Amino acid sequence: MNLTHADRSTLKDQTVELPIQAALDRPPAPATSRTPRLYVLDLLRFLAAMAVVAYHLLFADARESWAADTANLFGAPLRQAASYGWLGVELFFMISGFVICMSSWGRSLSDFFTSRVTRLMPAYLFAVVLTASVLVLWPQPGEKAPDLRQVIGNLTMTQNLLQLNNLDEPYWTLLIELKFYLLFLIVVAFGVTYRRVLMFCMIWTTLALIAHSSDFRFLTLVVEPRFASYFVAGMALYLIHRFGQSLLLWCIVGFSFAINAVMLDARVAPFVKAGLPMSWKVSLALVAFFYLLMIGIALGWFARLQWRGLATIGALTYPLYLIHSANGRTVIRHLRDDVPPWLLLGVVVGGALLLAYVVHRFVERPLSRALRDGLKDSFQKVRAASESRKDAVDPVPPPGVQLVRRQPHPLP
């Protein structure tokens, strides 16, 4: 084929333009394509969960649980390290932004919805029933046992919107995760692409800043300005991992870190107000370390970490996070006078890990399969009903028959 000079110039321009356009507007990949598992994320999730466990068992209300200062029982360095375990939640949010962006690529709206429901609800429902039973049988000192209304509200995961107390401390983060999923549904509905994720990050950051600087309660409730930038940073780092580095993506990551640094003061302030030793600078250093770890994951620093056992460890993270706090403190209160502190701590943590495995193996897996099959069937019926409605409105004529549509009478 002979090409003119103009044809060669046009072809050259298209060749340069297409990779850029493909990166920005590439349609979702087929659902059958799978990216290699990042086992380091499983390890990081587990370590974040263990940090939260240490915080709840050794620092937050720990004196009431142990009837003694945990610095005297386990040493001041361990207690001080555990006091910053609440930052594991911030790391969770960054990982969530990375993972949700990764797992939603190439998925339909129904697939994304199904995957989130089957991931969150089975272990959560079990944890609510277990914790409610424990708190009814052995109420926390100075607190009333939960009533049926509170338990039912907590089963919905929207208890904070219903103005009900959480049955257990860790539950407050789940509504924030749920809001992120609902917001990201907008992107999934249109199809996840590089350009749309970028726009989502920018718009969410802008709305979060507006909410933070205003008294618009509804906007604050929706966009969660305190934590939005952790999710945004995670999504931007996933784009770096998938498509490579760019100045725009690094600017989003850097801007998100700056926002987190400023808003971290509001997280530290309640500790300082209560007279507890908590440093904003130390907290910021830990958040910076989290960013460094996630940057390393995005750039492939941990690609050689391929031990499949980490997947099992990662599977324990969510049930461990849900069941360790109130249940663990209840066990401590009842055994603290009969079991040495270090042994009791090991029993509580080991028991929580064992129970987390049992929940994953015998609750999450079977219930997730049942939920997945039921939701898939439900969405198939929705699609079938939609097609039936379309056929009823616009019937297909039999072969050889042509429908003649009546023309409306002209207005006089």
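**Aromatic pairs and a one-sided helix**

At 1% relative accessibility, Phe-231 counts as buried, since the cut-off for that term is under 20%. The structure shown above is a predicted model. Phe-93 is likewise counted as buried, because its relative accessibility is 1%.

These two residues introduce the aromatic pairs of the model, of which there are 26. Phe-93 and Phe-231 form one of them: the ring centres are 4.9 Å apart and the planes meet at 35°, an arrangement classed as tilted. Phe-93 belongs to helix H6 (residues 88-103), whereas Phe-231 belongs to helix H12 (residues 228-243); the pair therefore ties together parts that are 138 residues apart in sequence.

A further pair is formed by Phe-98 and Tyr-238, which counts as edge-to-face because the planes stand at 85°, with 5.3 Å between the ring centres. Here again distant parts of the chain are linked, as Phe-98 lies in helix H6 and Tyr-238 in helix H12, 140 residues apart. What is the relative accessible area of Phe-98? The value is 0%, so Phe-98 is buried. Tyr-238 is also buried, at 1%.

The ring pairs can be followed beyond a single contact. They join Phe-93, Phe-112, Trp-172, Phe-180, Tyr-181, Phe-184, Phe-200, Trp-204, Phe-227 and Phe-231 into a cluster. One member of this cluster, Tyr-181, also has a charge over its ring: the charged end of Arg-116 is placed 5.3 Å from the ring centre. Elsewhere, Arg-361 lies over the face of Phe-362, with a distance of 5.3 Å to the centre of the ring.

Helix H6 carries a charged residue as well, Glu-90. Is Glu-90 buried or exposed? With a relative accessible area of 0%, Glu-90 is buried. When residues up to four places away in sequence are not counted, Glu-90 touches Phe-227, Tyr-230 and Arg-267. Of these, Phe-227 has already appeared in the aromatic cluster.

Attention now turns to helix H10, which covers residues 194-213. Its 20 residues reach 29 Å from the first C-alpha to the last, close to the expected 28 Å. The buried residues of H10 are Tyr-194, Val-197, Leu-198, Phe-200, Cys-201, Trp-204, Thr-205, Ala-208 and Ala-211. How are they arranged when the helix is seen down its axis? They fall within an arc of 165°, so they line one face of H10. Phe-200 and Trp-204, which are among these buried residues, are also part of the aromatic cluster.

Leu-209 is found in helix H10 too. Its relative accessible area is 33%, so Leu-209 is partly exposed. Leaving aside neighbours within four places in sequence, Leu-209 is in contact with Phe-255 and Ile-259. The C-alpha atoms of Leu-209 and Arg-226 are 9.4 Å apart, while 17 residues separate the two in sequence.

The cysteines complete the picture. How many disulfides does the model contain? The count is 0. For Cys-101, the nearest cysteine sulfur is that of Cys-201, at 7.1 Å; a disulfide requires sulfur atoms within 2.5 Å, so Cys-101 is in none. Cys-101 is buried, with a relative accessible area of 0%, and Cys-201 is listed among the buried residues of H10. Cys-251, by contrast, counts as partly exposed, because its relative accessibility is 44%.

How values were computed:
Residues numbered from 1 in each chain as written. Predicted model: local features only at pLDDT ≥ 70, side-chain atom pairs only at ≥ 80, totals over all residues. Heavy atoms only, no water. Phe/Tyr/Trp six-rings, centres within 6.5 Å; stacked < 30°, edge-to-face > 60°. Helix = DSSP H or I, 4+ residues; strand = E, 2+ residues; numbered from the N terminus. Buried < 20%, exposed > 50% of the residue type's maximum accessible area, 1.4 Å probe, protein only. Lys NZ or Arg CZ within 6 Å of the ring centre and 35° of its normal. Expected span 1.5 Å × (residues − 1). Arc of directions from axis to C-beta. Contact = heavy atoms within 4.5 Å.
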